[in-house]
Structure formats: structure tokens, C-alpha cells
Amino acid sequence: MHQPPPSSPNVAARMSRQTNRDTGAERAVRQLLHASGHRYRIHYPVPGMPRRKIDIAFPGSKLAILIDGCFWHGCPEHATSPKANAAWWRSKLDRNKARDRETSLHLEAEGWTVLRFWEHEHPEAVAEAVAHAREAARSAKTEQRAASRHDGHH
């Protein structure tokens, strides 16, 4: 992908500091999950999709948590459109959203439950939603085991 020149030295400096992992939102959610006893993997590779990662993964229950930045992933509430290099940015951000959809569909096809959150969502609410999803996954797994044991005895 051709990179246009930065519109100013300030923009160049700001963009060079952008992080795509261990954001404040991710760290806040991880801290809450860990404090409540949840154990997870971070930056877990998306199976079958090189160079793509799951922010917070529970591989045993196939639960993928992705916390998307409002600017980079096109939050309907907070996304902005840069004025400088506008066409390039529009294309870049559209590709990000398409990649997000592709990743979610791929994970779901592989049997994963995908939960996406925006960086502006309250970490407590995100951690609570994750805890509920983990409990649902555990219940489903328990029911599956019980059903397969039951089927095996007839």
C-alpha cells in the first residue's frame, strides 16, 4: 500500500506513536478479568489467518474478545475523517472495517464466539459481558459432555 506523505511533522509524530496492542482500553479490561479470576491469552493468533491477532482469547471455550479503536475501526459514535489525504484515509479505514468483518466471520466459521467492543465502552461493562459469555460457553460445554455421555450408554 502506498503511503502518502504526512500532512505535517506533528501528524507524522502522532501516527508513529500509535499502538495497535496493549491499549489503555485493553489493559483496563484485562485487569478486571484477571482480578475476577479469569485466565486468558493476549494477542492470540487468529487460526488460519496470518498476521491477525485476537486481543483477549479464551482458546478452551473459543471466545474471542476484540477491543476496537474508534478512529481506526470506524466507530459510528466517534469516528472522524481526516481532512488531509482524505481519499487515502477513507480507503484505509474502509479496508480496516472490511478486515474486521472478515476476521469475525472466519472465527465464527471456526466455531469461535466473537465479541467486539469499542475502546470508549466502560471496562466494567465489557468485563461483565465477557464473564457472561464465558459462563454461557461453560454451560454449553457441560451440556455437550452430558449429552455425549448419555448417547454413549445406549
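The following conversation works through how several labels in this predicted model are justified.

Trainee: What makes S1 and S4 edge strands in the sheet?

Mentor: The sheet is open, with four strands in the order S1-S2-S3-S4 and mixed pairing. Strand S1 (41-45) and strand S4 (113-118) each have a single partner strand, so one side of each is left without a neighbour in the sheet, and they stand at the edges. From one strand to the next, the twist averages 40 degrees.

Trainee: How do you know that S3 and S4 count as paired?

Mentor: Strand S3, residues 63-68, and S4 share six bridges in the parallel sense, and since pairing asks for at least two bridges between the strands, the label applies to S3 and S4. Within this pairing, Ile 67 stands opposite Phe 117 in S4.

Trainee: Which strands does helix H4 touch, and what is its direction relative to S4?

Mentor: Helix H4 (residues 86-109) packs on the sheet and touches S2, S3 and S4, with its direction at about 150 degrees to that of S4.

Trainee: Why is the contact between Arg 116 and Asp 68 called a salt bridge?

Mentor: The closest N and O atoms of Arg 116 and Asp 68 are 2.8 Å apart, and because the cut-off is 4 Å between a side-chain nitrogen of Lys or Arg and a carboxyl oxygen of Asp or Glu, the pair qualifies as a salt bridge. Arg 116 lies in strand S4 and Asp 68 in strand S3, so the salt bridge ties together parts that are 48 residues apart in sequence.

Trainee: Are these two residues, Arg 116 and Asp 68, buried or exposed?

Mentor: Asp 68 has 7% relative accessibility and is therefore buried, given that the term covers values under 20%. Arg 116, by contrast, has a relative accessible area of 28% and is partly exposed, a class that lies between 20% and 50%.

Trainee: What makes Asp 100 a salt-bridge partner of Arg 116?

Mentor: Their closest N and O atoms are 4.0 Å apart, and the pair is counted as a salt bridge, the cut-off being within 4 Å. Asp 100 lies in helix H4 and Arg 116 in strand S4, so this pair ties together parts that are 16 residues apart in sequence. Asp 100 itself counts as buried, at 10% relative accessibility.

Trainee: Where do Asp 94 and Arg 90 lie?

Mentor: Both residues are in helix H4, four residues apart, which is about one turn of the helix, and their side chains meet in a salt bridge at 3.4 Å, N to O. Asp 94, with a relative accessible area of 36%, is partly exposed, and Arg 90, at 37%, counts as partly exposed too.

Trainee: How many aromatic pairs does the structure hold?

Mentor: There are six aromatic pairs in the structure. One of them joins Tyr 40 and Phe 58, whose centres are 6.1 Å apart with 75 degrees between the planes; a centre distance within 6.5 Å makes a pair, and an angle over 60 degrees makes it edge-to-face. Tyr 40 is partly exposed at 21% relative accessibility, whereas Phe 58 is buried at 2%.

Trainee: Why is the pair of Phe 71 and Trp 89 edge-to-face?

Mentor: The ring centres of Phe 71 and Trp 89 lie 5.5 Å apart and their planes meet at 65 degrees, so the pair is edge-to-face. Both residues are buried, and together with Trp 72 and Trp 88 they form one aromatic cluster.

How values were computed: Residues are numbered from 1 along each chain as its sequence is written. This is a predicted model: local features need pLDDT of at least 70, side-chain atom pairs count only at pLDDT 80 or more; totals for chains, interfaces and linings use all residues. Side-chain values use heavy atoms; hydrogens and water are left out. Helices (H or I, at least four residues) and strands (E, at least two) are DSSP runs, numbered from the N terminus. Axes are lines fitted to C-alpha atoms, for helices over the stretch in contact, and angles run from 0 to 180 degrees between N-to-C directions. Contact means heavy atoms within 4.5 Å. Buried means under 20% relative accessible area, exposed over 50%, partly exposed in between (1.4 Å probe, protein chains only). Rings of Phe, Tyr and Trp (its six-membered ring) pair if their centres lie within 6.5 Å; planes under 30 degrees apart count as stacked, over 60 as edge-to-face and the rest as tilted.
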